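I opened a new notebook page for this structure. The entries below follow the order in which I looked things up.

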Amino acid sequence: MSPETGWRRRLEIALGSGPVPADAGRGAGEGVRTRDHLANTRTFLSWMRLALTLVAVGYAVDKLGVVTARVQDRPPSGEEGDRTTALALVLSGGVLANLSFARFVLQRRVIEGPALRSRALLDVTLMGIAGVIGVIVLLFLLRTG
Amino acid sequence: MTVEPQSPPRPDETRPREHLANERTLLAWARTAITFIALGFGVSRFDVFLRQLRKVDNGGGGGAGAGFSAAIGIVFVLAGLLTATAGVTRYLEARGQIEDGRYEPRAWPLVVLTCVMCAVGLALMAYLVVDVARS
C-alpha cells in the first residue's frame, strides 16, 4: 500500500495531522481559511462545555436529592430514580462530547474543501440530545414532586 | 477569470483578525478548563457537606466515601489543567502558523479534550454507582 492511500495517511487526513494540500480552503484566501478553522475549534469547545454542563447537572440531580429529602423532612427515598437520571445525564454528556468531536472533524474537512456547508442536520441532532435531557429532567421533577 | 493560486505568502490585511480569532479560541479553551476546575471544586466541597449530613444522621458515625470523592475532585481539576495546557500549546503553535501564512488544522488538542471528557464522565459514573453501594 502506498503511503498516499494507506490507513496511516487516511488517519492523518481524518485527524488533520498530515501535510496541508496547496489548494486547501474555499478560495477566499488563507486568512479566511484560518479563521474558519479557528471558529470551528471554538464551536467544538462550546459543545464540549455543554457536555460538561450535562455532567454537572447529572451530579447535581444525584446529590441534591439527599438535600431535598431533608428539607422536605422525608427519608431520602426514590434514590434509585435519582441515580438512573444522574447516570443518564452523565452518559449523555460523554456521548455529546464524542459527537461534537465527530462534528469538528467533518466540518474541518468541509472547510478544506471548495465549498463551505453548514452541518445543520448534525447540529440539530446534537441539540436533540440536549432536548432529550431536558425531557428526562422534567419527567424526573414531575415524578419526585 | 483565473483565480490566483494561494496568493504569495500573505495578504497582510487579514492577519490581525486571524490573531484575534486565535486569541478568542484560547479564551474558549480557558473557559472550558475553568469549567472543569470549578466542577471539581464543587464536587469535592459538596461532598464534604453531604458527609457531614450523613454523620449527623448516623449520630457521629459514617463518613464513607471520603477518599473516593476527594479523588473525583482531583480528577476534575487535573482535567482542567490538562485542557488549559493543551489550549495554550495549540495557541502558540497556531500563532506561529498564522505568522508563516500556513494554518494547519491540528486535531490533537481536541482528541486530548475528548478523551479527558470521557475519562471524567466514566470516573463520575463509577463514583455515583460506588457511592450508593456504600451509603
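Before looking up single residues I wrote down the burial cut-offs: a residue is buried if 20 or more other C-beta atoms lie within 10 Å of its own, exposed if 12 or fewer, and partly exposed in between.

**Entry: B:Cys118**

I tried the cut-offs on B:Cys118, in helix α3 of chain B. I found 17 other C-beta atoms within 10 Å of B:Cys118, so I noted the residue as partly exposed. Leaving out residues up to four places away in sequence, I listed what B:Cys118 touches: A:Gly94 and A:Ala97.

**Entry: confidence**

I reminded myself that this is a predicted model. For chain A I noted a mean pLDDT of 78, with 77% of the residues at 70 or more. Within chain A, I found the lowest confidence in α1(A), with a mean of 69, and the highest in α2(A), at 87. Where pLDDT is low, the predicted coordinates should not be read in detail. For chain B I wrote down an average pLDDT of 82, with 81% of the residues scoring at least 70. For the complex, I copied the predictor's ipTM of 0.79 and pTM of 0.77.

**Entry: the two chains**

I went through chain A and counted 4 helices and 0 strands. Read from the N terminus, the order in chain A is α-α-α-α. Chain A has 145 residues, and 32% of them are buried. Of the contacts in chain A with a separation of 6 or more, I found that 74% are between residues 24 or more positions apart.

Chain B has 3 helices and 0 strands, and I wrote its order from the N terminus as α-α-α. I noted 135 residues in chain B, of which 31% are buried. Of the contacts in chain B between residues at least 6 apart in sequence, 82% join residues at least 24 apart.

**Entry: where the chains meet**

How many residues does the contact take from each chain? I got 42 from chain B and 45 from chain A. On the side of chain B that touches chain A, I found that α1 (15-57) and α3 (108-134) each supply at least two residues. The most comes from α1(B), with 18 residues. I sorted this side of chain B by class and got 24 nonpolar, 10 polar and 8 charged residues.

**Entry: a helix pair**

Two packed helices are described by the angle between their axes and the distance between the axes. I looked up both values for helix α2 of chain A (residues 30-71) and α1(B): the axes come within 9 Å and cross at roughly 10 degrees. Angles under 35 degrees count as roughly parallel, and therefore I recorded α2(A) and α1(B) as roughly parallel to each other. By class, I listed 17 nonpolar, 8 polar and 10 charged residues in the contact of α2(A) with α1(B).

**Entry: the largest nonpolar core**

Which residues touch the most other members of the largest nonpolar core? I wrote down A:Met48, A:Ala51, A:Val55, B:Phe76 and B:Leu124, out of 41 residues in this core. I then checked the helices: α2, α3 (79-112) and α4 (120-144) of chain A, and α1, α2 (66-100) and α3 of chain B, each supply at least two residues of this core. The largest share is that of α2(A), with 11 residues.

I followed one of these core residues, A:Val55, further. Apart from neighbours within four places in sequence, I found A:Val55 in contact with A:Val90 and A:Gly93, and with B:Gly121 and B:Leu124.

**Entry: two more residues of chain A**

I looked up A:Ala39, which lies in helix α2 of chain A. I counted 15 other C-beta atoms within 10 Å of A:Ala39, so I marked the residue as partly exposed. A:Ala39 and A:Ile129 are 90 residues apart in sequence, and I noted 22 Å from C-alpha to C-alpha.

Is A:Asp23 buried or exposed? I first placed A:Asp23 in the loop between α1 (7-15) and α2 of chain A. With 12 C-beta neighbours inside 10 Å, A:Asp23 counts as exposed. I also looked up A:Asp23 with A:Ser92: the two are 69 residues apart along the chain, and their C-alpha atoms are separated by 38 Å.

Key
Residues are numbered from 1 along each chain as its sequence is written. Chains are lettered from A and ligands numbered from 1 in the order in which they are written. This is a predicted model: local features need pLDDT of at least 70, side-chain atom pairs count only at pLDDT 80 or more; totals for chains, interfaces and linings use all residues. Two residues are in contact if their C-beta atoms, placed from the backbone, lie within 7 Å. Ala, Val, Leu, Ile, Met, Phe, Trp, Tyr, Cys and Pro count as nonpolar, Asp, Glu, Lys and Arg as charged, and the others, Gly among them, as polar. pLDDT is the predictor's confidence in each residue, from 0 to 100. Axes are lines fitted to C-alpha atoms, for helices over the stretch in contact, and angles run from 0 to 180 degrees between N-to-C directions. Angles under 35 degrees count as roughly parallel, over 145 as roughly antiparallel, 65 to 115 as roughly perpendicular and the rest as oblique. A nonpolar core is a set of buried Ala, Val, Leu, Ile, Met, Phe, Trp, Tyr and Cys residues joined through C-beta atoms within 7 Å.
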